[in-house]
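Work through the exercises below with the sequence and the 3D structure in view. Try each task before reading its solution.

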Amino acid sequence: MRRPDFDNPDLPLSELFHHWPACAGEFMNRQMLCPGCPIAPFHTLIDACEEYGLEEMAFRDQLKGVAGAV
């Protein structure tokens with residue numbers, strides 16, 4: 001199966017964690033409860049950033065570096 005587009009704004013967090021598991025650590029470093037959350041299949045990175053008050057593009061760029069998705 002082909003990896004989804006990391007920059008897809010509709011990419012569910014569960015898919016992000018499945019395809020780029022190293023990203024989960026970055027969420028946990030910020031005490032974000034997204035990894036393992038039952039809502040992860042329905043929330044996107046945009047939703048998580050809004051919920052936790054993070055600047056989406058900066059966090060996305062950091063996740064790309066960790067995931068090697070650049």
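Two residues are in contact when heavy atoms lie within 4.5 Å. The model used here is predicted.

**Exercise 1.** Find what share of the contacts in the chain with a separation of 6 or more comes from residues 24 or more positions apart.

Solution. Take the contacts with a separation of 6 or more, then pick out those between residues 24 or more positions apart; they account for 47%.

**Exercise 2.** Describe the secondary structure of the chain and decide how its compactness relates to that of a globular protein of that length.

Solution. Step one: count the elements, which gives 4 helices and 0 strands. Step two: read them from the N terminus, which gives the order α-α-α-α. Step three: the radius of gyration is 11 Å, close to the 11 Å from the globule rule for 70 residues, so the chain is as compact as a globular protein of that length. Along the principal axes, the C-alpha atoms fill a box of roughly 30 × 25 × 20 Å.

**Exercise 3.** State what part of the chain is buried and what supplies its exposed area.

Solution. Buried means under 20% relative accessible area. By this cut-off, 33% of the 70 residues are buried. The chain exposes about 4,400 Å², and carbon and sulfur atoms supply 54% of that area.

**Exercise 4.** Locate Gln31 and decide whether Gln31 is buried or exposed.

Solution. Gln31 sits in the loop between α2 (22-29) and α3 (45-52). Its relative accessibility is 67%. The cut-off for exposed is over 50%, so Gln31 counts as exposed. Next, check the backbone: phi of Gln31 is near 60°, a positive value. Most residues other than glycine have a negative phi.

How values were computed. Residues are numbered from 1 along each chain as its sequence is written. This is a predicted model: local features need pLDDT of at least 70, side-chain atom pairs count only at pLDDT 80 or more; totals for chains, interfaces and linings use all residues. Side-chain values use heavy atoms; hydrogens and water are left out. Helices (H or I, at least four residues) and strands (E, at least two) are DSSP runs, numbered from the N terminus. The radius of gyration is taken over C-alpha atoms; the globule rule is 2.2 Å times the number of residues to the power 0.38. Buried means under 20% relative accessible area, exposed over 50%, partly exposed in between (1.4 Å probe, protein chains only). Accessible areas come from the Shrake-Rupley method with a 1.4 Å probe; for residues, only the protein chains shown count as cover.
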